[in-house]
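This briefing is intended for a reader meeting the structure for the first time. Please keep the sequence and the model in view while reading.

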Amino acid sequence: MDVLGNLVLVFFAGLVTALATGVGALPFFLVDDVSDRWNVALWGLASGIMVSASVFGLIFEGLSSANGGSLTGVVVGLVVGVALVVASHRIISGAEVSPKRYEEADVRKLVLILGILTVHSFPEGVAIGVSFADLGFEGAPRIAGFAVPLLAVFMTVAISIHNVPEGVAISIPLHSMGVGKWRMVWWSVFSSLPQPIGAVIAYYFVRTARELLPMGFGFAAGAMIYLVASEFIPEALEVGKGLPGGGHRELLSGLAAGVLLMLPLAFI
């Protein structure tokens, strides 16, 4: 399969994960509100999925000798991934955007908002792109004529599931503003549009410089684990403050479910 075809497939995988964010708005087509209990559980599920996918998938794959694995490369990538997200957050501190501002933004402000959202969603796109590094290599299962690595399938599904509670979090304030249901779907998808772009860039990079593949796996894992620790879990605990036990039971249940869902990654 030619390079362009591979890039299109990787972009499509990233687009699928972005579209999955829109699923978070769909409950509002049926109900007027999503309970805090469910919201906390969904954040826990997303956190469990992302940490497990990072450890069982990205880090394990980075250490695999079949891919020229390197402990040093993975560790360096982990550190760089965390450092880049920390630095990006400091750069945009004070410029954080609320979904409530989406509807009021002009084109110039939307470009700024998309740039800020890139800091949050770009690492997931990188993870998708890196997971497709062995696309087209012999031995991988064939999907639509492409030899697609199982890791890429798992990562695409994992990040798609992870994006659902993000879509819920974006839709809640928009719903309170009386924003139309289909527009909530659009704004949710909009928040993840950097993912297919990040996927293509990361895929092209690791295919061009395969000796840096372990570092690429480490980078994606470090960035996502840091996002879970610094954003997802604090968000879940903030939402669950009014629940019995502060929402810890719902969070831990979601975490456990996410880990179990991704456990097969450790054996592929």
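The points below go from the chain as a whole to its cores and then to selected residues.

The model is a predicted one. Its chain has 268 residues, of which 49% are buried. The chain contains 9 helices and 2 strands.

**Overall architecture**

- Read from the N terminus, the elements follow the order α-α-α-α-β-β-α-α-α-α-α.
- Of the contacts between residues at least 6 apart in sequence, 84% link residues that are at least 24 apart.
- The exposed area of the chain is about 12,300 Å², and 70% of this area comes from carbon and sulfur atoms.

**Helix α1**

- Helix α1 consists of 21 residues and spans 31 Å between its first and last C-alpha atoms, which is close to the 30 Å expected at 1.5 Å a residue.
- Many positions can be named as buried in α1, including Gly5, Leu7, Leu9, Val10, Ala13, Thr17, Ala20 and Thr21.

**The nonpolar cores**

- The largest nonpolar core has 43 residues, and the members touching the most other members are Met50, Leu58, Ala127, Val130, Phe132, Leu135 and Met155.
- Two or more residues of this core come from each of α1 (3-23), α2 (36-63), α4 (107-131), α5 (150-176), α7 (194-208), α8 (213-239) and α9 (248-262).
- The greatest contribution to this core is that of α8, which supplies 10 residues.
- Another core lies apart from this one; it has 11 residues, among them Ala25, Met184, Val185 and Phe190.
- Val130, one of the members of the largest core that touch the most others, is in contact with Ala202, Val206, Leu213, Gly216 and Phe217 when neighbours within four places in sequence are set aside.

**Aromatic residues of helix α6**

- The structure has 6 aromatic pairs.
- In the pair of Trp186 and Trp187, the ring centres are 6.0 Å apart and the planes meet at 45°, so this pair is classed as tilted.
- Trp186 also pairs with Phe190, again in a tilted arrangement, with 5.7 Å from centre to centre and 55° between the planes.
- About one helical turn separates Trp186 from Phe190, because the two residues are 4 apart in helix α6.
- Trp186, Trp187 and Phe190 together make up one aromatic cluster.
- Within this cluster, Trp186 has a relative accessibility of 42% and therefore counts as partly exposed.
- Trp187 is buried, because its relative accessible area of 4% is under the 20% limit.
- Phe190 is likewise buried, with a relative accessible area of 7%.

**The loop between α6 and α7**

- Ser191 is situated in the loop that joins α6 to α7.
- The relative accessibility of Ser191 is 6%, so this residue counts as buried.
- A polar atom of the Ser191 side chain lies 2.6 Å from the backbone oxygen of Ser188.
- Leu193 is also placed in the loop between α6 (181-190) and α7.
- With a relative accessibility of 25%, Leu193 counts as partly exposed.
- Leu193 and Thr21 are 172 residues apart along the chain, while their C-alpha atoms are separated by 9.7 Å.
- Thr21 belongs to the buried residues of α1.

**Serine 160 in helix α5**

- Ser160 is located in helix α5.
- The relative accessibility of Ser160 is 12%, and the residue therefore counts as buried.
- A polar atom of the Ser160 side chain lies 2.7 Å from the backbone oxygen of Thr156.
- Leaving out residues up to four places away in sequence, Ser160 touches Val16, Thr17 and Ala20.
- Of these partners, Thr17 and Ala20 are among the buried residues of α1.

**The loop between α8 and α9**

- Pro244 occupies a place in the loop between α8 and α9.
- Pro244 counts as exposed, because its relative accessibility is 56% and the class begins over 50%.
- From C-alpha to C-alpha, Pro244 and Arg37 are 9.7 Å apart in space, although 207 residues apart in sequence.

Note on methods
Residues are numbered from 1 along each chain as its sequence is written. This is a predicted model: local features need pLDDT of at least 70, side-chain atom pairs count only at pLDDT 80 or more; totals for chains, interfaces and linings use all residues. Side-chain values use heavy atoms; hydrogens and water are left out. A nonpolar core is a set of buried Ala, Val, Leu, Ile, Met, Phe, Trp, Tyr and Cys residues joined through side-chain atoms within 4.5 Å. Buried means under 20% relative accessible area, exposed over 50%, partly exposed in between (1.4 Å probe, protein chains only). Contact means heavy atoms within 4.5 Å. Rings of Phe, Tyr and Trp (its six-membered ring) pair if their centres lie within 6.5 Å; planes under 30 degrees apart count as stacked, over 60 as edge-to-face and the rest as tilted. A polar contact is a pair of N or O atoms within 3.5 Å; within protein, one must be able to donate a hydrogen and the other to accept it, and residues adjacent in sequence count only if both atoms are side-chain atoms. The expected span of a helix is 1.5 Å times one less than its number of residues. Accessible areas come from the Shrake-Rupley method with a 1.4 Å probe; for residues, only the protein chains shown count as cover.
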